[in-house]
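The exercises below are to be worked with the sequence and the coordinates open side by side. Each task is followed by a solution that goes step by step.

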Amino acid sequence: MFIQAPLAAIPQGSTAFDWLWWIPLLPLAASAVCGILHFLTLRQREAQNPRPKAAHGAHADHGAAHGHAEHAHAEHAAHGHDDHGDHGHAKVPAGIGALAPIVAVLSMAGALFLSIKGFLELRGLDEGARVLRSSAWDWINAGSLSIDVSMHLDPLSSVMTLVVTGIGSLIFLYASGYMKGDAGYAKFFAYLSLFAFSMLMLVLSSSMLGLFVGWEGVGLCSYLLIGFWYEKGWPADAGQKAFVMNRIGDACFLIGTFILVKVFGSLDMAAIAAGVPGALVDGLATPELFAAGLLLFGGACGKSAQLPLFTWLPDAMAGPTPVSALIHAATMVTAGVYLVVRLNPLFAASPQLLAIIGVVAALTAFIAGSTALVQRDIKKVLAYSTVSQLGYMFLGLASGAWAAAIFHLVTHAFFKALLFLGAGSVIHGMHEEQDMHKMGGLKKHMPATFMTFMCGAAALSGLPLMSGFFSKDEILAHTFAHGGLYSALWIVGIITAAMTAYYTWRMVALTFFGEERFDKNKVHVHESPAVMTLPLWILAVLSVLGGVLGLPIVFHAPHLLADWLQPVTKSGTAILAAHGTHEMSHALEWTLLGVGALVALVFAHRGFHIHKRGVAFDQGFEKNRKWTAAFLTDAWTIDTKYTRLIVGPIKLFAFIIAVVVDQFAIDGLVNGVAALARDLGGRWRRLNDGHIATYGLWMGAFTAVIALLFLWKS
Amino acid sequence: MNFLSLTVLIFLPLVGALLVAATPSKAVGLQRGITLLTMFATGVIGIMLCLDFNGASAAAQHVEQRPWFTLPGGIPVAYKLGLDGLSVLMVALTALLGPIVMLSTWGHIHERVKEFMVWLLVMQTGMLGVFLSLDLVLFYTFWEVSLVPLYFILGIWGGSNRLYATIKFFLYTVFGSLVMLIAVIWLMYRFGTTDIVQLTNVAANLPGDVQLWLFAAFALAFSIKVPLMPFHTWLADAHTEAPTSGSVILAGVLLKMGTYGLLRFCIAMFPAAAIEAAPLMMALGAIGIVYGAFLAMAQTDIKRLVACSSVSHLGYVVLGLFAMTAAGLRGGLLQMVNHGLSTGMLFLLIGMIYERRHTRALDQYGGIASVMPVYALFFVIAVLSSVGLPGLNGFVGEYLVLLGTYERAPILAAIAVTGVIFGAVYLLMATRKLLFGPLVLQANKTLTDLRAREVVLMLPIVVLMVWMGVAPNTFLARTEGSLVDLTQRLDRARAVRTAELIRENETRPTVADAEESQNR
């Protein structure tokens with residue numbers, strides 16, 4: 001009945017609880033410790049500064065509170081620069097919470113160390129046997145279905161763990177400086193570590209349901225962290241929106257897993273991937289498998305912010321900037337890409353599904369890229385850019401370029417994390433200013449941030465020999481080679497590349513060049529401390545040199561990443577190859593590289609030079625092309641339309657259900673029947689003297705009489 | 001007599017009630033002390049009995065049986081108790097929630113404490129009796145007994161509109177009970193026994209249409225109790241008016257008597273009828289999930305919102321049970337416990353904030369996470385459990401229910417799965433309005449965070465939430481034997497039904513037969 005994978009295809013490694021588990025468990029432990037530290041800090045604060053009680057004792061307390069306020073003020077002034085670390089709140093001494101970043105950074109470093117250990121152990125194995133497994137316990141047993149919880153480290157998950165723990169460590173370090181002085185310092189690290197745990201569960205779990213634990217876990221942390229500054233209101237709204245939109249994808253994901261259970265009788269991803277070839281008809285997916293793939297892609301659309309579910313990601317920028325860098329650029333949003341590569345045979349077997357993914361991806365890349373052109377908020381530029389770059393990754397997947405998609409995932413993690421952290425450094429130095437029109441000329445004030453940001457921008461815009469150049473080019477080359485519909489997708493891709501170069505260098509020019517458009521008397525721009533610039537430098541190096549992981553064939557160097565991922569991707573590639581391969585001549589590949597380089601250089605130059613002179617061009621555009629400017633700024637008004645066409649009607653429908661259907665129709669009927677009965681029983685009214693107990697007694701007596709009657713008759 | 005016996009478990013609270021009744025009415029401390037002690041002892045005994053339960057066996061365990069009285073017509077009625085895989089989780093849940101509910105009354109029951117404690121303890125006896133009875137008459141007795149205390153708890157300690165809510169609750173349930181009584185009487189005179197185990201074995205052989213009538217009579221009573229859409233309108237009113245402890249018991253245990261009854265009687269006793277009626281029941285469950293969610297979305301009173309969410313959550317239970325697949329039955333059973341824990345905890349939390357602010361209107365709150373961080377933590381955990389976050393209890397039940405439903409009716413699974421989205425919408429919306437945003441109102445700025453008692457009474461629930469989310473097999477294993485047995489019964493009924501259909505087709509002249517006879 002079930003299509004069983006050949007047993008040998010399901011990798012068997014160690015089966016006991018072993019060190020692999022510590023990769024996710026270390027951050028989980030750190031999260032618990034940081035959470036406790038948070039509550040201890042609150043206690044400490046309460047002890048130093050008791051809150052005035054509602055009734056008595058308020059007077060005495062009031063005096064104490066006053067004294068503390070003065071004390072805090074003195075400390076503040078002594079600190080030197082005025083509003084350093086201010087996030088719209090008073091700066092708060094961390095107290096015992098100061099231990100939190102130490103715990104969190106150390107645990108992430110530990111997880112990174114174990115990830116490297118895992119990578120090295122895998123490398124020591126034969127290519128076909130590169131799997132480490134650690135089972136722990138049967139999670140759910142229901143009839144013939146048994147779902148266990150195990151860790152599964154193979155080349156793909158080892159790349160993901162290295163990215164998550166590596167970039168995670170850097171961002172944790174950065175955050176220890178960025179969040180200093182925030183009232184929820186320890187809480188922030190508790191959430192961030194919980195995120196790291198969930199993300200590592202996501203990439204290490206062997207089963208779809210284990211993956212789903214991480215999948216929803218990262219969604220929860222995203223919700224908590226976007227709404228971290230919930231007192232302001234709108235971050236909490238943004239967090240809620242992110243959670244709900246992700247849930248739409250998750251609902252699709254769940255149905256997708258039901259189909260997989262029905263077809264394969266298992267949710268083990270290795271078993272599913274190995275079982276797909278046997279479940280195909282003429283090398284193609286059955287309608288059932290096509291539906292499963294489509295639904296799982298729906299889940300990926302939610303998590304990875306693709307059309308039609310991308311509108312939560314720009315709003316997610318309400319969270320602290322390290323969160324944007326880690327969760328909403330480098331790791332969580334790439335989970336959808338990971339999922340598709342993990343189940344690549346399933347997707348490879350449906351050419352129509354791949355075409356759908358390609359169209360969605362290209363549209364997403366284009367719409368988001370064009371939106372980034374006109375944003376004034378530096379984080380919004382980066383947010384739309386992330387959506388657009390995720391579109392590239394899915395375009396790669398649609399072309400069957402599994403390794404290229406992961407390659408772009410890795411380089412994007414480097415340079416986009418760098419750009420976000422750089423933007424955070426700018427925002428920090430500018431005292432919470434995010435509007436680029438109020439910046440300008442920052443390069444001499446923030447040299448380290450400026451230098452590293454340039455590296456990130458070069459990589460994002462795909463300037464020749466930068467990491468982003470190689471990864472983007474590889475995706476576009478694969479798309480081009482496909483021909484047919486994909487030629488159109490390639491054209492969209494290359495136009496998006498031009499826009500990418502333009503908006504990136506517009507952002508650089510507006511932020512770091514030109515005249516200083518802020519009040520120098522009020523804003524004392526300063527470079528960020530070393531804990532924040534050190535991660536920037538490391539990421540800058542990675543962004544520049546990351547391309548060595550996957551050099552093009554014409555360079556006559558090995559594609560390290562593609563070779564490493566071979567054991568995971570070969571099955572999908574083989575299924576694709578059965579429909580025909582797409583070879584490219586070296587001359588064509590050189591030409592494509594040349595086109596990519598030329599487009600990037602030309603549009604980077606345009607973007608930089610037009611905006612170097614200041615905001616005049618933007619203002620002119622807004623004035624002369626009102627409609628276009630408004631349309632682009634609002635991301636093609638998609639979100640506005642959702643609010644009007646979906647959210648509004650749902651609210652109205654809920655109201656109709658609650659008032660019209662429930663109160664008038666159903667409850668009205670019930671009360672009507674009751675009233676009728678009461679009228680019919682009018683002559684019994686003197687029995688109903690209004691006392692509820694009497695009603696009860698009568699009901700009881702009635703029951704008893706009926707019962708007795710029945711007994712008598714029978 | 002064995003200390004660990006079901007009789008001790010059931011009647012210990014009643015003994016406690018008598019003791020409380022004997023105290024002078026001014027001795028509030030003593031009354032509370034006795035009640036807490038009794039509830040705690042009942043809780044320990046109940047949980048020990050459930051731990052002692054062998055889940056691999058389908059047979060009832062800890063059985064106690066002695067003759068009770070004889071009905072006219074010579075039908076013996078027995079006092080028969082037993083614990084099996086269908087009831088074990090419910091008994092554990094009831095036993096656990098007893099002391100928790102008792103602890104919560106400290107905050108909101110200040111008047112007529114003695115009476116309240118008596119009713120609370122009587123209710124505990126009634127509920128445990130319902131789950132443990134293996135005799136139909138005994139079951140019906142406990143069923144009615146459990147009705148009375150809530151009637152008084154609602155009617156005396158309820159809110160301003162309590163009379164309306166109480167009468168509505170009472171009329172609804174009594175109406176259901178009466179219809180059930182007719183079926184009960186029919187059953188015992190047809191088979192001459194009131195033993196549930198025996199009846200389960202013989203009733204399955206009744207002809208399909210007779211089963212269907214009996215099924216309908218039982219199902220009506222239980223569906224009102226669950227409550228299954230469209231019989232749900234009493235619930236929101238009852239919850240809105242009930243004191244916190246009343247709501248916790250109502251949501252935590254009393255509603256489960258309905259789903260338990262559906263499983264024990266409607267499905268297990270009348271399998272052929274259950275198979276016949278499953279599409280209708282599943283459809284009502286699926287509609288209830290979405291309907292309840294939309295209902296909750298439109299609420300502005302936080303307690304009413306959670307009450308409406310119960311309609312949605314219990315829709316999952318009914319959907320899973322009537323899918324009658326391995327995954328669906330297990331998911332339905334787990335979801336019964338999940339709902340008791342998560343909704344029970346939400347009602348506790350709402351009670352705690354109500355005791356401080358005396359309002360349940362969501363627009364009177366906002367930003368209280370800043371002044372009540374511990375409260376906020378517990379509230380968020382309860383919400384996450386309720387929306388089915390993987391890693392907590394709600395997910396496992398929900399997933400199994402949906403998976404089991406998908407096997408039978410993919411379309412219904414697709415409808416039900418939207419509950420996953422809408423559930424997040426209304427619960428996060430409530431969380432947002434209650435906890436987050438700016439702290440504007442002066443009354444909210446002086447709120448005090450949870451006291452030790454309040455934290456302690458929720459801790460066991462949180463532990464169970466994590467436990468059931470991480471290692472649900474601890475709980476599933478205890479239902480295994482009974483559910484396997486039930487599945488076999490259902491398979492047999494299905495086989496019989498298929499055979500009947502084939503026979504019908506054979507006897508009915510087909511086109512081919514007609515042609516043949518013409519040719520002849």
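**Exercise 1.** Is Trp636(A) buried, partly exposed or exposed, and how many other C-beta atoms lie within 10 Å?

*Solution.* The model is a predicted one, and the count is taken from its atoms. Step one is to count the neighbours: Trp636(A) has 15 other C-beta atoms within 10 Å. Step two is to compare this count with the cut-offs, by which a residue is buried at 20 or more and exposed at 12 or fewer; Trp636(A) is therefore partly exposed, with its 15 neighbours. Step three is to place the residue, which lies in the loop between helix H24 (626-633) and helix H25 (638-680) of chain A, and to read its backbone, where phi is near 60°, a positive value in a residue other than glycine. Most residues other than glycine have a negative phi.

**Exercise 2.** Carry out the analysis for Arg112(B), beginning with the loop in which it is found.

*Solution.* Arg112(B) is found in the loop of chain B between helix H3 (88-108) and helix H4 (113-132). Its phi is positive, near 50°. With 14 other C-beta atoms within 10 Å, Arg112(B) is partly exposed.

**Exercise 3.** Locate the cis peptide bond that joins Leu307(A) and Pro308(A), and the cis bond from Met229(B) to Pro230(B).

*Solution.* In chain A, the bond between Leu307(A) and Pro308(A) has an omega of about 0°, and Pro308(A) sits in the loop between helix H9 (287-303) and helix H10 (312-315). In chain B, the bond from Met229(B) to Pro230(B) has omega near 10°, and Pro230(B) belongs to the loop between helix H8 (208-225) and helix H9 (233-241).

**Exercise 4.** Describe how helix H16 (residues 402-429) of chain A packs with helix H17 (residues 447-460) of chain A.

*Solution.* Two packed helices are described by the angle between their axes and the distance between the axes. For this pair the angle is about 145° and the axes are 9 Å apart, while the crossing of H16(A) past H17(A) is left-handed. Among the residues that meet are Phe415(A) and Leu419(A) in H16(A), and Phe453(A) and Ala457(A) in H17(A); by class, the contact has nine nonpolar residues, six polar and one charged.

**Exercise 5.** Which element gives the most residues to the side of chain A that touches chain B?

*Solution.* Begin with the whole interface, in which 54 residues of chain A are in contact with 58 residues of chain B. On the side of chain A, H7(A) gives the most, with 14 residues. By class, that side has 34 nonpolar, ten polar and ten charged residues.

Technical notes:
Residues numbered from 1 in each chain as written. Chains lettered and ligands numbered in written order. Predicted model: local features only at pLDDT ≥ 70, side-chain atom pairs only at ≥ 80, totals over all residues. Helix = DSSP H or I, 4+ residues; strand = E, 2+ residues; numbered from the N terminus. Contact = placed C-beta atoms within 7 Å. Nonpolar A, V, L, I, M, F, W, Y, C, P; charged D, E, K, R; others polar. Axes fitted to C-alpha atoms, helices over the stretch in contact; angles between N-to-C directions. Left-handed = near helix turned anticlockwise from the far one by under 90°.
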